[in-house]
Amino acid sequence: MRHLNSAHPDRLLVGPHTGDDAAVWLLDDERALVSTADFITPVVDDARTWGRVAAANSVSDIYAMGGRPLFALNLVGWNTDQLPTSLLGDVLAGGQDIADEAGFVIAGGHTIDDPEPKYGMAVTGEAHPERLLTNAGLRVGQDIVLTKALGVGVLTTAIKNGRASAAQADAAVASMVRLNDVASRIALAAGVTGCTDVTGFGLLGHLGRMALESTVSVAVEFAAVPFLPGAVELAADGVMPGGSKRNLSWALEFVDVGDHDEVHQLLLADAQTSGGLVFGVDPSETPSVLAELAATGHQAALIGTTSVGRPGLTLR
């Protein structure tokens, strides 16, 4: 969200505070509204599962800002000439599954005719103004923690091409439908200030942009980054979404890839759907943060550090 008509524009925070597709509206010293919107095309064949993935993806920015969702509006593009409304009902039921799990209300929505089906949500939540997580909040001397394994883009491409095993597909779906609510609460409790979710621009794009906005240098250890089962092997075999290749081309402006080959680079630029959070945390808090994330079922990892230096990201 980049603009809002208001008599009090000073209360609207945009840009590096919240990311490109989210905004924060300050109500008072104790409350801020956080708002975001997102929608996606199908990433799996099952309609209800797609609905769950799309809803989890849409609400992710609320958690990335340290907020809790309050209500949402469904956003639907549907080809009424080719797709039955009963199938749309399954998609919306998937969205309701996520709303029930996350504890927010779906208050309505809007549907348009569209040759290609799309589904997502506009979500509004609440956060404390002094505890907002922002993509300009990294500090020198922090550890970088990633809360979900990468590889969703590779695996969803493999699913569409019939090259993913049932176990690989199940792992990708389980990752995409996992909410970032618990990870957000753990980050807040550890005093995190710099956070974003890893979605369409991949880890290199989102973390690299955080480094620029925070004016810190970030080093990422490739060997420490977790990947979903089969993602590395499939990528090495040429399975890679076109979006990941565009991500890498853009990220090379502020990322030093060192001596890593193109497959490694593309894996870190892989476009994620409903990816995890990535945040900076004081090293004294890292062991307890990782232990809590592991205890709640997250495949989280310490993947790098921040330091003084040229703003951007270095791959080691």
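Me: How much area does the protein chain expose, and what share of it do carbon and sulfur atoms supply?
Reply: The model is a predicted one. Its protein chain exposes about 13400 Å², and 52% of that is supplied by carbon and sulfur atoms.

Me: Why is the protein chain called as compact as a globular protein of its length?
Reply: First the make-up: the chain holds 10 helices and 13 strands. Its radius of gyration is 19 Å, and the globule rule gives 20 Å for 316 residues; the two values are close, so the chain is as compact as a globular protein of that length. Along the principal axes, the C-alpha atoms fill a box of roughly 55 × 55 × 35 Å.

Me: What share of the residues is buried, and what share of the contacts joins residues at least 24 apart?
Reply: Buried residues account for 54% of the 316. Of the contacts between residues at least 6 apart in sequence, 84% join residues at least 24 apart.

Me: Why is Ser274 called buried?
Reply: Buried means under 20% relative accessible area. Ser274 has 1%, so Ser274 counts as buried. The residue sits in the loop between helix H9 (262-269) and E11. Its phi is positive, about 55 degrees, although Ser274 is not a glycine.

Me: What makes Thr215 exposed or buried?
Reply: The term exposed requires a relative accessible area over 50%. Thr215 has 56% and is therefore exposed. Thr215 belongs to the loop between helix H6 (202-214) and strand E9 (217-220). Phi of Thr215 is also positive, near 50 degrees, in a residue other than glycine.

Me: Why is Ala300 called partly exposed?
Reply: Partly exposed covers the range between the 20% and 50% cut-offs. With 24%, Ala300 is therefore partly exposed. Ala300 lies in the loop between H10 and strand E12 (301-307). Neighbours within four places in sequence aside, Ala300 is in contact with Leu146, Thr147, Leu290 and Leu293.

Me: Why does Pro283 get the label partly exposed?
Reply: The relative accessible area of Pro283 is 37%, so this residue is partly exposed. Pro283 is in the loop between E11 and H10. Not counting residues up to four places away in sequence, Pro283 touches Gly141, Gln142 and Asp143. Its C-alpha is 36 Å from that of Ala72, a residue 211 places away in sequence.

Me: Which residues of helix H5 (residues 181-189) are buried, and what do they pack against?
Reply: The buried residues of H5 are Asp181, Ala183, Ser184, Ile186, Ala187 and Leu188. They pack against helix H1 (47-64), strand E11 (277-281) and helix H10 (286-295). In an α-helix there are 3.6 residues a turn, so residues three or four places apart point the same way. After H5 comes Gly191, with a positive phi near 80 degrees.

Me: Which residues of the largest nonpolar core touch the most other members?
Reply: This core has 78 residues, and those touching the most other members are Leu203, Leu207, Val218, Leu268, Val278 and Ile303. H1 gives the largest share of the core, nine residues. A second, separate core has 15 residues, including Ala187, Leu188, Val192 and Val281.

Me: What does Val278 touch, leaving out residues up to four places away in sequence?
Reply: Among the residues that Val278 touches are Ile144, Leu146, Cys195, Leu203, Leu207, Met210 and Ile303.

Me: How many positive and negative side chains are there, and how far apart are the centres of the two sets?
Reply: The chain has 19 positive and 37 negative side chains, and the two centres lie 2 Å apart.

Methods:
Residues are numbered from 1 along each chain as its sequence is written. This is a predicted model: local features need pLDDT of at least 70, side-chain atom pairs count only at pLDDT 80 or more; totals for chains, interfaces and linings use all residues. Side-chain values use heavy atoms; hydrogens and water are left out. Buried means under 20% relative accessible area, exposed over 50%, partly exposed in between (1.4 Å probe, protein chains only). Helices (H or I, at least four residues) and strands (E, at least two) are DSSP runs, numbered from the N terminus. Contact means heavy atoms within 4.5 Å. The radius of gyration is taken over C-alpha atoms; the globule rule is 2.2 Å times the number of residues to the power 0.38. Accessible areas come from the Shrake-Rupley method with a 1.4 Å probe; for residues, only the protein chains shown count as cover. Lys and Arg count as positive and Asp and Glu as negative; His and the chain ends are not counted. The place of a charge is taken as NZ of Lys, CZ of Arg, CG of Asp or CD of Glu. A nonpolar core is a set of buried Ala, Val, Leu, Ile, Met, Phe, Trp, Tyr and Cys residues joined through side-chain atoms within 4.5 Å.
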